[in-house]
Amino acid sequence: MKITKGKQQRAQRVVLYGVESVGKSTFAAKFPKPLFLDIEQGTSHLDVDRCEINTWKQLTDALTEAKATDYKTIVVDSADWAERLCVEDLLATSKKTSIEDFGFGKGWVMVAERMSRMLSSIDQLIDAGKNVVMIAHSKIVRYEAPDALAAYDRYELKLSKQSSPLLKEFADELWFLRFKTKVSTSETGKGKGIGGKERIILTTHSAAYDAKTRSGLAEELPLEWASVAHLFEAVATPNHIVVTDEMVGWQARLAEHEGAVNQFLIGRGVLTSEQTWRDCAPEYLERVALRVDQFVNTAIEWRKANQ
């Protein structure tokens with residue numbers, strides 16, 4: 001029996017879903033060296049490497065062949081369009097004209113079985129050190145929880161009810177992307193939505209949407225690569241920082257602005273509220289040391305903007 005201890009850094013399974021035009025594909029393009037499996041053929045505005053996918057076989061073959069490439073992230077754009085290809089392939093191979101021709105609910109169960117096999121095949125990419133990002137659209141559904149007094153609307157993945165749980169279970173990180181809005185109530189009691197320009201990542205499940213994180217991210221983050229970049233940095237081998245005169249200097253610089261630096265790191269989800277910059281991973285601090293002035297200035301500006 002082989003026993004290992006402690007946290008292990010590995011490639012991540014990420015599901016990004018959200019409202020229309022929030023920037024799902026644009027955000028996915030910021031992941032390390034991505035290859036887009038472009039089912040929607042909607043990445044023409046992005047400067048990325050892509051493989052256009054038109055059939056279910058092309059998708060499954062591409063996922064297999066991607067293991068031998070030097071790309072660090074494989075992006076499936078999108079999961080709900082992949083399910084559509086799966087349905088088309090199932091109908092063609094079964095010589096059916098409609099998913100309902102299989103009988104009540106049976107067709108969707110068969111689709112979910114195929115989707116499950118596809119998701120399982122992605123493990124070979126994770127084992128090869130490649131992140132996998134599944135983009136999906138969202139839909140609003142009426143939901144009635146067993147312990148709730150009334151039904152309510154919530155955002156969910158735009159997939160069949162058979163395939164949606166598979167994708168949520170597959171994900172290490174399930175992030176809901178949306179525009180941040182607030183409701184202002186007038187004197188007459190009428191509500192009015194305000195804002196709607198700031199884009200955010202929501203990482204924790206709520207009654208209004210599905211989300212999860214296994215990395216301890218803050219519940220809400222700006223939709224910026226800096227918010228999550230630390231999750232996808234290469235594994236560093238040193239267990240300690242070599243202390244030099246230069247590094248002592250950067251440590252003093254961080255200590256000089258301790259409050260701003262700690263608030264910035266906590267706000268970005270790098271630290272918890274009980275930690276300080278001294279608790280950061282050694283490899284993270286090594287990068288900070290190389291650009292300490294820029295880092296401190298960013299932290300100061302962030303605190304001013306969030307006071």
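Analyst: Helix axes here are lines fitted to C-alpha atoms over the stretch in contact, with angles from 0 to 180 degrees between N-to-C directions. Helices (H or I, at least four residues) and strands (E, at least two) are DSSP runs numbered from the N terminus. This is a predicted model, where local features need pLDDT of at least 70, side-chain atom pairs count only at pLDDT 80 or more, and totals for chains, interfaces and linings use all residues. Residues are numbered from 1 along each chain as its sequence is written, and side-chain values use heavy atoms, without hydrogens or water.

User: Thanks! How are α8 and α10 oriented to each other?

Analyst: Helix α8 covers residues 258-267 and helix α10 covers residues 292-306. Their axes come within 8 Å and cross at roughly 75°. Angles under 35 degrees count as roughly parallel, over 145 as roughly antiparallel, 65 to 115 as roughly perpendicular and the rest as oblique. The pair is therefore roughly perpendicular.

User: Which residues of α10 make the contact with α8?

Analyst: Contact means heavy atoms within 4.5 Å. From α8, the contact takes in G259, A260, V261, Q263, F264, L265 and G267. On the α10 side, it is made by F295, T298, A299, I300, W302 and R303.

User: What share of the protein chain's residues count as buried?

Analyst: Buried means under 20% relative accessible area, exposed over 50%, and partly exposed in between (1.4 Å probe, protein chains only). The protein chain has ten helices and ten strands. Of its 307 residues, the buried share is 40%.

User: Is K33 buried, partly exposed or exposed?

Analyst: You will find K33 in the loop between α1 (24-28) and β2 (34-38). K33 is not a glycine, yet its phi is positive, at about 35°. Its relative accessible area is 40%, so K33 is partly exposed.

User: And what is the relative accessible area of Q41?

Analyst: Q41 sits in the loop between β2 and β3 (49-52). Q41, too, has a positive phi, of about 55°, although it is not a glycine. It counts as partly exposed, with a relative accessible area of 37%.

User: Which residue in β4 stands opposite L35?

Analyst: L35 belongs to β2, where five of the five residues are buried, so the strand is largely enclosed by the rest of the structure. P34, F36 and D38 lie on one side, with L35 and L37 on the other. Strands pair if DSSP finds at least two bridges between them, and five bridges join β2 to the parallel β4. Opposite L35 in β4 is I74.

User: Which residue in β3 is the bridge partner of F36?

Analyst: β2 also runs parallel to β3, and four bridges join them. The β3 partner of F36 is R50.

User: Which residue of β5 stands opposite L16?

Analyst: L16 is on the same side of β1 as V14 and G18, while R13, V15 and Y17 are on the other. Six of the six residues of β1 (residues 13-18) are buried, so this strand is largely enclosed by the rest of the structure. β1 pairs with β5 in the parallel sense over six bridges. Facing L16 in β5 is I135.

User: Where is S78, and what is the omega of the peptide bond that joins D77 and S78?

Analyst: S78 has its place in the loop between β4 and α3. The bond between D77 and S78 is cis, with an omega of about 15°.

User: Which elements are included in what covers the buried residues of α3?

Analyst: The buried residues of α3 are A79, D80, A82, E83, L85, C86, V87, L90 and L91. Their cover includes α2 (56-65), β4 (73-77), α4 (106-121), β5 (131-143) and α6 (164-170).
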